[in-house]
Amino acid sequence: MYSQEIKDLIKKTRAEKADIRIGKYGVTEGMINEIKRRLNEHKVIKIKIGIKEIDDRKEFAKRVAEMVGAKLIEVRGYTFILAKVDSNRQDKD
């Protein structure tokens with residue numbers, strides 16, 4: 001499970017606007033670097049998918065999470081939440 005701090009951050013992030021928007025250029029190297037930077041800074045971030053042609057948004061969100069080394073928390077519509085993976089923890093929930 002997550003620490004209480006991470007749970008609180010997830011709850012707060014759900015109510016906020018997206019931190020990052022993935023636009024028509026898709027997931028570029030610059031976008032990946034920005035997601036990693038924000039995860040290091042905030043631990044939990046919300047991302048909005050601006051590409052309407054994506055068929056499977058959950059699969060897209062999983063791929064982004066894998067690229068940045070984060071855990072996918074949830075996908076709602078065109079928005080998803082990622083949490084930074086604690087390298088000291090080995091549990092998989």
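**Figure 1. Charged side chains of the predicted model.** The protein carries 23 positive and 16 negative side chains. The centres of these two sets lie 4 Å apart. The model shown here, as in every view below, is a predicted one. About 6300 Å² of the protein is exposed, and 47% of that area is supplied by carbon and sulfur atoms.

**Figure 2. The whole chain and its elements.** Three helices and four strands form the secondary structure of the protein. Read from the N terminus, their order is α-β-α-β-α-β-β. The C-alpha trace spans about 35 × 25 × 20 Å along its principal axes. The radius of gyration is 13 Å, which agrees with the value near 12 Å that a compact globule of 93 residues would have. Of the 93 residues, 33% are buried. Among contacts between residues at least 6 apart in sequence, 65% join residues that are at least 24 apart.

**Figure 3. Glu5 and its polar contact with Lys43.** Glu5 belongs to helix H1, which covers residues 4–15. The side chain of Glu5 makes a polar contact with the side chain of Lys43, at 3.2 Å. Glu5 is partly exposed because its relative accessible area is 47%, a value between the limits of 20% and 50%. A second residue, Arg63, gives a sense of distance: Glu5 and Arg63 are 58 residues apart in sequence, and their C-alpha atoms are 25 Å apart in space.

**Figure 4. Lys43 in the loop between helix H2 and strand E2.** Helix H2 spans residues 29–42 and strand E2 spans residues 44–49, with Lys43 in the loop between them. The phi angle of Lys43 is near 75°, a positive value in a residue other than glycine. Lys43 has 32% relative accessibility, so this residue counts as partly exposed. Two residues of helix H1 meet Lys43 in these views: the side chain of Glu5 makes a polar contact with the Lys43 side chain, and Ile6 touches Lys43.

**Figure 5. Ile6, a buried residue of helix H1.** Ile6 lies in helix H1. Its relative accessible area is 12%, so Ile6 is buried, the limit for this class being under 20%. Not counting residues up to four places away in sequence, Ile6 touches Lys43 and Val44. Ile6 and Ile20 are 14 residues apart in sequence, and 19 Å separates them in space, C-alpha to C-alpha.

**Figure 6. Thr13 and its contacts.** Thr13 is also placed in helix H1. At 5% relative accessibility, Thr13 counts as buried. When neighbours within four places in sequence are left aside, Thr13 is in contact with Val44, Ile45, Lys46 and Ile81. One of these residues, Val44, is also touched by Ile6. Val44, Ile45 and Lys46 fall within strand E2, residues 44–49.

**Figure 7. Asp8 on helix H1.** Asp8 is another residue of helix H1. With 44% relative accessibility, Asp8 counts as partly exposed. Asp8 and Thr79 are 71 residues apart in sequence and 19 Å apart in space, from C-alpha to C-alpha.

Methods:
Residues are numbered from 1 along each chain as its sequence is written. This is a predicted model: local features need pLDDT of at least 70, side-chain atom pairs count only at pLDDT 80 or more; totals for chains, interfaces and linings use all residues. Side-chain values use heavy atoms; hydrogens and water are left out. The radius of gyration is taken over C-alpha atoms; the globule rule is 2.2 Å times the number of residues to the power 0.38. Buried means under 20% relative accessible area, exposed over 50%, partly exposed in between (1.4 Å probe, protein chains only). Contact means heavy atoms within 4.5 Å. Accessible areas come from the Shrake-Rupley method with a 1.4 Å probe; for residues, only the protein chains shown count as cover. Lys and Arg count as positive and Asp and Glu as negative; His and the chain ends are not counted. The place of a charge is taken as NZ of Lys, CZ of Arg, CG of Asp or CD of Glu. A polar contact is a pair of N or O atoms within 3.5 Å; within protein, one must be able to donate a hydrogen and the other to accept it, and residues adjacent in sequence count only if both atoms are side-chain atoms.
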